[in-house]
Amino acid sequence: MFENLKLSDIPKNKELILRKQTSTSPVIWRVSENGIKAVVKDFSHNGFWFRNIVGRFLIWREKKAYKRLGEFSGVPALLGSIGGIALIIEEVQGIDMGTIEGTDITPDEKFYKDLKNLIDRFHERGIIHCDLKRAPNIILGNDGNPYIIDWAAAISKSELSIFPFSLIYKRFLQDDLNAITKIKLKHCPENVGDEEKRRYTERGRVEMVIRGTKNRLRNFLKKIA
């Protein structure tokens, strides 16, 4: 399925552009084949240098993360890649947590418990998502279960196993879990305990360094895009 898909075919077969590209982000397409829907993360429309340096690197890293996760419940399946600059991923049917604002959709307590279990499971496998504070990366599936998408920023424990990088790894672990608290504070703050709230609001020196590095990298990418 989708193994013969080419980027030149997408404009013919597209049903919808889910997100237009910007100078530092790819276009996201929805495609279908034999009734099966998928999304394509496509850097081919970005600038030459960004596409071939940053785009290829991010596609490689995300593909690596999906392969490490394998057939992991709660994570969409990797369906293929195209030319090293595009990734084909199973489309999750549901609504992302950034979209439920202003609706009458309210995740139940089981959803948050299952989300915590899902995060714990890929942490046990030595993988951190690193971008769960972006609410659109967490999806409330039509089946009521949580799903996590967009693994381009994911890192593995083996990459940060040596001190002082191990401290950064621990910080990223907590950031993944803090994403749950962030959502609960918006939708059911009465269910957030004091200790959970403390961990969320705590800002240590390591996190300040990480945030500063992220901001500098983001500004650099905007310059070369």
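**Notebook: a cavity, Arg 61 and the core**

I began with enclosed space in this predicted model, and my count came to one cavity of 30 Å³ or more. I noted a volume of about 80 Å³ for the largest cavity.

Next I looked up the lining of that cavity, and I found Arg 61, Lys 64, Ala 65, Arg 68, Ile 127, Ala 154, Ile 155, Ser 156 and Glu 159 there. The elements giving two or more residues to this lining are H2 and strand S10 (155-156), and the largest share, four residues, comes from H2. Sorting the lining of the largest cavity by class, I wrote down four nonpolar residues, one polar and four charged.

I then turned to one of the lining residues, Arg 61, which is found in helix H2 (residues 48-69). Is Arg 61 buried or exposed? I entered it as buried, because its relative accessibility is 14% and the cut-off for buried is under 20%. Leaving aside residues up to four places away in sequence, I listed Ala 152, Ala 154, Ile 155 and Glu 159 as the residues that Arg 61 touches. For Ala 154 I also noted that its backbone oxygen lies 2.7 Å from a polar atom of the Arg 61 side chain.

From Arg 61 I moved on to Trp 151, which is 90 residues apart from it along the chain, although the C-alpha atoms of the two are separated by 8.0 Å. With residues up to four places away in sequence again left out, Trp 151 touches Glu 62, Ala 65, Tyr 66, Leu 69, Val 75, Phe 122, Ile 127 and His 129.

Which residues of the largest nonpolar core touch the most other members? I found Met 97, Phe 122, Ile 138, Ile 148 and Trp 151, out of 34 residues in that core. The elements that give two or more residues to this core are H2, strand S5 (86-90), helix H3 (109-124), strand S8 (138-141) and helix H4 (165-187). Apart from this core I recorded another, of 11 residues, among them Leu 5, Val 31, Ala 86 and Ile 88.

Last, I looked at the second largest pocket, which has a volume of about 650 Å³. Its lining holds 23 residues, and I marked Leu 18, Ile 28, Pro 136, Ile 139 and Ile 149 as those nearest its centre. Among the elements that give two or more residues to this lining I noted H2 and S5, while the largest share, three residues, comes from S6. By class, I entered the lining of the second largest pocket as 11 nonpolar, three polar and nine charged residues.

Definitions and conventions
Residues numbered from 1 in each chain as written. Predicted model: local features only at pLDDT ≥ 70, side-chain atom pairs only at ≥ 80, totals over all residues. Heavy atoms only, no water. Buried < 20%, exposed > 50% of the residue type's maximum accessible area, 1.4 Å probe, protein only. Contact = heavy atoms within 4.5 Å. Polar contact = N/O pair within 3.5 Å; in protein donor to acceptor, adjacent residues only side chain to side chain. Core = buried A, V, L, I, M, F, W, Y, C linked by side-chain atoms within 4.5 Å. 1 Å grid on protein atoms, 1.4 Å probe; cavity = no way out; pocket = protein on both sides within 12 Å on 5 of 7 lines; lining within 4 Å. Points joined across faces, edges and corners; volume = space filled by probe spheres on them. Nonpolar A, V, L, I, M, F, W, Y, C, P; charged D, E, K, R; others polar.
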